[in-house]
Structure formats: structure tokens, C-alpha cells
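This report describes selected features of a predicted model. Helix geometry, core packing, aromatic pairs and cysteines are taken up in turn.

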Amino acid sequence: MPLIITIDTKKQAQTIDNFGAAGCWYAEGIGKFWPTQKKEKIAELLFSQEQDAQGNPKGIGLSAWRFNIGGGTAEQGDNSGIKDVNRRVESFLKPDGTYDWSKQAGYTWFVKKAKNYGVDKLIAFSNTPPVQMTKNGLGFKTEKDFRTNLKPDQTEAYTNFLTEVLQHYEKQNLRFDYISPVNEPQWDWTGKMGEAKQEGSPWRNDEIAQVVKSLDKALENKKLTTQIILPEAAKLTFLYGDTTHSSRQVQQFFGKKSPNNLSNLKHLPKLVVGHSYFTENGDQETVTIRQQLADTVRQYGVQFWQSEYSMLADGFREGTKARRSTMDCGLFLAKLIHQDLTVANAAAWQFWNAFEPGKPDFDTRYYLIALQPNANYTDGEFYQTKNLWALGHYSLFIRPGMNRLQINRNDNLSPLEAAQKVMVSSFADKSGKVVVVAINYEAEARSLQLNLKGYSSGATYKRYVTTAASGDNLKLYPAGKIGKAVSMPPRSITTFVINK
């Protein structure tokens, strides 16, 4: 008996804005120093929407790219207190108040590549204000008080800095659609000198409101149309719950009676942005958190984006202590994307981090592309992971402006019940093209039949499949007709592209 999925293109859910990834830290070395052929191939894997002669995708066609505006810890060197030299980031702002636009050259190389490949949305984000504006002169906190590291009198200077960067890139024909001034404000971001992990600052809700109001004014003054996204919550639960000074952020920033209400700002869309880390310890937790989030954003009339996720916690191990294969990781990633899109109604989904040092075969939890760099990160090898192609099942085919569709399944499984079986989501554009992503989480082949209302049973689909096999990376499989059952391989992801 096949699983029959019935789709009505008139029953629409959220509109998709983008699928993206961040190019933090290692973009600098790759973009600046790696041989042209290697870095061009990495860019192709991330950004290309083209197919080879056999019809197989050359890349995953990301529609968003996240660019980190650095805080100047690289210039401080070991005095930055950040242990890993690769996690120190340059700043465009010099100590004398002038700007050096030659900085962050590697990062900029990737921004240009994204633009050249037609990436739809560019997003700039900041982990810390420039170090000359912070209370301790560092890019991280040394006092655990959960307050911003920005000096009280530097708010306007900070937001002016951010908009100067945006204006510079806009003059280079690299317009940033979105700017994110704070990141994961709930963590304390403290460290000891020489042991700190990266740039970062906490922010209380009132501090976020203050900096966002200032940024809105700075954007207006410079006549920039870039929109502000906030608050990059460290966990989805902080968007609707918890009791800290940076909790319940939907209610805080969009509640009519809240002292931190920001809903009337010109450059702030009715949108909250959060991270899916640490919210997937078992299917029950995954679904429940996303249901609560969806209920809250619906109540306050705002949209939700998932803007950072990798397998930081051990939820991806799903109860085992054994190593997880690259396909296990890819399937878990696909499941997380599915739950964020279909339960939390995410209108955008972005991965952290596009590339990091690591191996491509097991426990590929942190990256889409595994780097094996040389000692000083000026060259190296790189390898595709199944995470790359798992994200590609969504990013390549579900383009900005498409709508998610409600589906009906003949087994009537709930999101929780389907999480270890077959998960299906569907999307359509205005031309009538329909994309269906089906994740077969089971260890045996499953039969799937698509029933599209208003489409003839002779309508055909293209089918792209990722399995554990090394060559099955969004591989073009034989086409077929809707209305006829098709077998999905065990532990696989299949995307169907149907034209009316």
C-alpha cells in the first residue's frame, strides 16, 4: 500500500523568502588565499543552480548568504584573547575613526560570488560591536552580567558603523537586503584571555530595542532600504518563553503594550529570527517547541525565520553513542528543516556554517563542506557532505516567493508520528510548478504516490534523489507520472519537480 499524498495548490501556508548558509571565519582564508580552482568549486557547490550534461545539479543554489561584519579582533592578534586565530575577524573601522575597505577581503570574495551566481538575498550580521566601542576593549565579555559589551555612549557610533559598511557594499553593487545587529543575545559570551572561543556579546531586550531604534534612524539618514532582522535568538524557546532579560522576544518586540515594542519602525519587518540549536533532543521536543513557536508568532502577527542551525547538541545521534554516518547526519538535517518549515512555519531557513575543518564521512555535524586545510589555512582539500545535498533538496528547488502547501496523507500520521517514517512537504510557485520533498527515514524502501488536485494524471515529474551511495547527491533519477506509485530507497531524500 503506497503512502498517498494529496496536494491542493489553493491551500497555501507561508511564503518562502530564502534558503541560505553562513560563510563565517573560514571564508577569509579560502577567499583570500586558496587556489582559484578550489575556491571557485566551493562557490559552485554552494551557489550554482545549473545542471551538468547528465541533468545532475552542480550545486545547491542557495538563495541567501550570511556575511559577518567583524569586530576587529584579528588586528588585536593574541591580545584579542580569542584562542583560535581563524575566529578572530578584521574590522573595517580603524582606531582613528577612518575606514579601510581592503579588510575582510576573503569574506567579500564570497559575497561577490554569491551575487554573481544570482543569490537572491544578502544578509549582514554582527557578533560584536567594533572593539574600540566595547566596555572592555575586547570582542567578547569578561564580566558575566548578561549586559551588552557596547559602551552606553556608543550606540549611535555602532549603528553608524553598520550603515557605513552597508553603504560601502551598496556602492560596489552588493546591496545587503538585511542587517542583523545582535546575535544570540541570551548567552553570556564571557571568556578568559587566551581562551575565548569567538566574538560575541549578550544583549538585554531593552538594549536590543535601543540599538534597533538607532539603526532604523541611521538607515533612514543614509537613505538605505536594507531591513533589520532581530533578535537571532540563541534557541527558539527564547522567542516565546523563559524568564531572563532577553526572553519572550516576540511579545517584547511586537506586543502592543510592551515598553520595547518596535513594530512601528520603518526598516523592521514583522519578523522574528531564531536558531534551532538545542531544540531537537528527540522528536517530541522538536515538534512541541515548534508548535508553541508557531502559535505565538501567529498570535502576534509576525513571521519566523530559522537563521542558524548545525548539530551542536547531540540530538542528531538519536539515542546512540555510535558514530553517525554522513547520510545519518544528512537525514537528520533534512528532518530538522522539514519540522522548521512545516510545524514552525519558517519562511526562511539558514545553515551554520557552510564550511569548517572536519571529515566528510562521519559525524559531519557542523558543516556542509568539510575542509582539510594546511597549517596556516592558505590552501587545503575540501569534501562534500550529505548535509550539503540534504539542504539542496530544499534550497535548489524551493525558490524565493514560492508558497508552502498544505498536504493530506492517507495514513493520517501526525508530525510526531511521521518523524521516524516518511516526512513530506510541498511548495508551489505562481506558474503552477510544484515541488515535493519526501524524506524516507526508514531502513526499507517505501512506496509514494502523489495526487495533485487540478493536475492531469499524465503530468510528469523530475526526480532527484540522495542516498548513502557516494554518487547519489541530488542525482537525477528516472522521471515518472504523478498518480503512479514510485519506490523511494531506504534512508533517502527525494525531491519531485512537477510542471503543470
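## Helix α4

Helix α4, which covers residues 105-116, contains twelve residues. From its first C-alpha to its last it reaches 16 Å, close to the 16 Å expected at 1.5 Å a residue. Just after α4, Gly-118 adopts a positive phi of about 85°.

The buried residues of α4 are Gly-106, Tyr-107, Thr-108, Trp-109, Phe-110, Val-111, Lys-113 and Ala-114. A charged residue type, Lys-113, is thus listed together with aromatic ones such as Trp-109 and Phe-110. The packing partners of these buried residues are α1 (26-33), α2 (36-47), β3 (64-69), β4 (121-126), α5 and β11 (355-357).

## Nonpolar cores

The largest nonpolar core holds 116 residues, and within it Ile-42, Leu-46, Trp-65 and Phe-355 touch the most other members. Helix α10, residues 326-342, gives the most to this core, with nine residues. Apart from it lies another core, of 21 residues, including Leu-3, Leu-452, Ala-459 and Val-486.

Which residues does Leu-46 contact, leaving aside its neighbours within four places in sequence? Its partners are Ile-60, Gly-61, Leu-62, Trp-65, Ala-354, Phe-355, Leu-368, Ile-369 and Leu-388. Two of the names in this list, Trp-65 and Phe-355, also appear among the core residues that touch the most other members.

## Aromatic pairs and cluster

The count of aromatic pairs comes to 27. In one of them, the ring centres of Tyr-158 and Trp-203 are 6.3 Å apart and the planes meet at 20°, so the pair is stacked. Tyr-158 belongs to helix α5 (residues 155-171), whereas Trp-203 is in the loop between β5 (178-180) and α6 (205-221); the pair therefore ties together parts that are 45 residues apart in sequence. Both Tyr-158 and Trp-203 are buried. Tyr-178 and Trp-305 have ring centres 4.8 Å apart and planes at 80°, so this pair is edge-to-face. Here, too, distant parts of the chain are linked: Tyr-178 lies in strand β5 and Trp-305 in strand β9 (residues 303-308), 127 residues apart. Tyr-178 and Trp-305 are both buried.

One aromatic cluster is formed by Phe-67, Phe-92, Tyr-99, Trp-101, Tyr-107, Phe-161, Tyr-169 and Phe-176. Its member Tyr-107 is also one of the buried residues of α4.

## Charges over rings

Two arginines have their charged ends over aromatic rings. That of Arg-66 sits over the ring of Phe-125, 4.6 Å from the ring centre. That of Arg-491 sits over the ring of Tyr-441, 4.8 Å from the ring centre.

## The loop at Gly-483

Gly-483 is placed in the loop between β19 (475-481) and β20 (486-488). With a relative accessible area of 36%, Gly-483 is partly exposed, because buried requires a value under 20% and exposed a value over 50%.

Not counting residues up to four places away in sequence, Gly-483 touches Gln-449 and Leu-450. The C-alpha atoms of Gly-483 and Ala-459 are 8.6 Å apart in space, while the two residues are 24 apart in sequence. Ala-459 is among the members of the core of 21 residues.

## Cysteines

How many disulfides does a search of the whole structure find? The search finds zero disulfides. Cys-24 is buried, with a relative accessible area of 1%. Cys-329 counts as buried as well, because its relative accessibility is 0% and the cut-off for buried is under 20%.

Conventions: Residues are numbered from 1 along each chain as its sequence is written. This is a predicted model: local features need pLDDT of at least 70, side-chain atom pairs count only at pLDDT 80 or more; totals for chains, interfaces and linings use all residues. Side-chain values use heavy atoms; hydrogens and water are left out. A disulfide is a pair of cysteine sulfur atoms within 2.5 Å. Buried means under 20% relative accessible area, exposed over 50%, partly exposed in between (1.4 Å probe, protein chains only). A nonpolar core is a set of buried Ala, Val, Leu, Ile, Met, Phe, Trp, Tyr and Cys residues joined through side-chain atoms within 4.5 Å. Helices (H or I, at least four residues) and strands (E, at least two) are DSSP runs, numbered from the N terminus. Contact means heavy atoms within 4.5 Å. Rings of Phe, Tyr and Trp (its six-membered ring) pair if their centres lie within 6.5 Å; planes under 30 degrees apart count as stacked, over 60 as edge-to-face and the rest as tilted. A charge sits over a ring if NZ of Lys or CZ of Arg is within 6 Å of the ring centre and within 35 degrees of the ring normal. The expected span of a helix is 1.5 Å times one less than its number of residues.
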